[in-house]
Amino acid sequence: MISITIPILWVIFHSLKYAWILQNVLCMTLCVMVLKILRFSSYKVCTLMLCIYFCVDIILVLITPHFTKDGKSVMGEVATGGNEDLFDKQSFMEEFAAGRKHVDFNPLVFQVMDIGFDPLGACTKHIMGLGLGDVVLPGLLLSYCHAFDLMTNKKGLYYCISLITYGLGLLLVEIAIMHLEIHQPALLYIVPAILIPPIVLAWFRKELSFLWHGFKFIGRFRKQEIDTIELTASTANIQPTEIHEKYV
């Protein structure tokens, strides 16, 4: 019922000034659904996927403006529904004078209104957008780290590290946009921030092979370990079920 109600409410109220809040709820539910469906079994696959989209994001945001007639990026035009100029900065006064209440954007973008420290912030609203890919793709890595922690009894170590670094990556994106004042590919900052720390931590803890190759590698290693222990304990008074309960 909720999955039907939210889209209907957005269609009805999307022209209102604060409809971006409802749009963010819609985007959030979509991200959660995708993350529940998709799973990756190794850090290697996560790294390959993020690196591919890292390159694609840079090309679509920073390189395509050099090949378009109006100098706009393909990603920016798609994400903002052709309203890239209005997405950057909208004046409440100009909207009021022009009789506009709201500018419709692509519903597949998180929107955040930021007045910031601008003295004229009461008259001008800055709209910061975050594409669903910038949430879902890192979310797949977070999901893998969480599953890895559960499988190896790490008590959320790798998940917490990746979650914190993802937040730092988003902060870097915001700082870059504020200082450079041009659109930035979010994955340019998020991917290095979220990929490197877990690898460094796993290397330091001598768990890089387990993290990199994933669940099948861990399963084979545990099976070999159990077989070795069973062979060693074959002459002792140890039941095989006790070994399986300990290592499985």
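Contact means that heavy atoms lie within 4.5 Å. The model is predicted: local features need pLDDT of at least 70, side-chain atom pairs count only at pLDDT 80 or more, and totals for chains, interfaces and linings use all residues. Residues are numbered from 1 along each chain as its sequence is written, and side-chain values use heavy atoms, with hydrogens and water left out.

**Exercise 1. The whole protein**

Task: State how many helices and strands the protein has, and what share of its residues count as buried.

Solution:
- Step 1. Fix the terms. Helices (H or I, at least four residues) and strands (E, at least two) are DSSP runs, numbered from the N terminus.
- Step 2. Count them. The protein has twelve helices and three strands.
- Step 3. Fix the burial cut-offs. Buried means under 20% relative accessible area, exposed means over 50%, and partly exposed lies in between (1.4 Å probe, protein chains only).
- Step 4. Apply them. Of the 248 residues, 32% count as buried.
- Step 5. Look at the contacts between residues at least 6 apart in sequence. Of these, 62% join residues at least 24 apart.

**Exercise 2. Helix H1 and its partners**

Task: Find which residues Ile6 is in contact with, leaving aside neighbours within four places in sequence.

Solution:
- Step 1. Place the residue. Ile6 sits in helix H1, residues 2–13.
- Step 2. Check burial. Its relative accessible area is 13%, so Ile6 is buried.
- Step 3. List the contacts. Ile6 touches Leu22, Val25, Leu26 and Thr29.
- Step 4. Take one pair. Ile6 and Thr29 are 23 residues apart along the chain, with C-alpha atoms 9.4 Å apart.
- Step 5. Add another residue of H1. Leu9 also lies in this helix. At 32% relative accessibility, Leu9 counts as partly exposed. Leu9 and Gln23 are 14 residues apart in sequence and 9.5 Å apart, C-alpha to C-alpha.

**Exercise 3. The span of H7**

Task: Work out what span the 20 residues of helix H7 should have, and compare it with the distance between the end C-alpha atoms.

Solution:
- Step 1. Use the rule. The expected span is 1.5 Å times one less than the number of residues.
- Step 2. Apply it. For H7, residues 133–152, this gives 28 Å.
- Step 3. Compare. The end C-alpha atoms are 29 Å apart, which agrees.
- Step 4. Check burial. In H7, 14 of the 20 residues are buried, so the helix is largely enclosed by the rest of the structure.

**Exercise 4. H2 against H7**

Task: Describe how helix H2 packs with H7, and name the residues that meet.

Solution:
- Step 1. Know how the angle is taken. Axes are lines fitted to C-alpha atoms, for helices over the stretch in contact, and angles run from 0 to 180 degrees between N-to-C directions.
- Step 2. Read the geometry. H2 (residues 19–37) and H7 pack at about 35 degrees, with axes 10 Å apart.
- Step 3. Name the residues. Cys31, Val34 and Leu35 of H2 meet Val135, Val136, Gly139 and Leu140 of H7.
- Step 4. Sort them. This contact has six nonpolar, one polar and no charged residues. Here Ala, Val, Leu, Ile, Met, Phe, Trp, Tyr, Cys and Pro count as nonpolar, Asp, Glu, Lys and Arg as charged, and the others, Gly among them, as polar.

**Exercise 5. The loop after H7**

Task: Say what is unusual in the phi of Asn153 and of Lys155.

Solution:
- Step 1. Recall the rule. Most residues other than glycine have a negative phi.
- Step 2. Place the residues. Asn153 is in the loop between H7 and helix H8 (157–180). Lys155 is in the loop between H7 and H8 too.
- Step 3. Read the angles. Asn153 is not a glycine, yet its phi is positive, about 55 degrees. Lys155 is not a glycine either, and its phi is also positive, about 55 degrees.
- Step 4. Check exposure. Asn153 counts as exposed at 61% relative accessibility. Lys155 counts as exposed at 83%.

**Exercise 6. Annotated spans**

Task: List the residues covered by the UniProt annotation "transmembrane region", and give the helix content of residues 157–180.

Solution:
- Step 1. Read the record. The unreviewed UniProt entry gives residues 20–38, 45–67, 127–145, 157–180 and 186–204. Such annotations may be inferred rather than shown by experiment.
- Step 2. Check the model. Residues 157–180 are 100% helix and 0% strand, with end C-alpha atoms 35 Å apart.
- Step 3. Check another span. Residues 20–38 are 95% helix and 0% strand, with end C-alpha atoms 27 Å apart.
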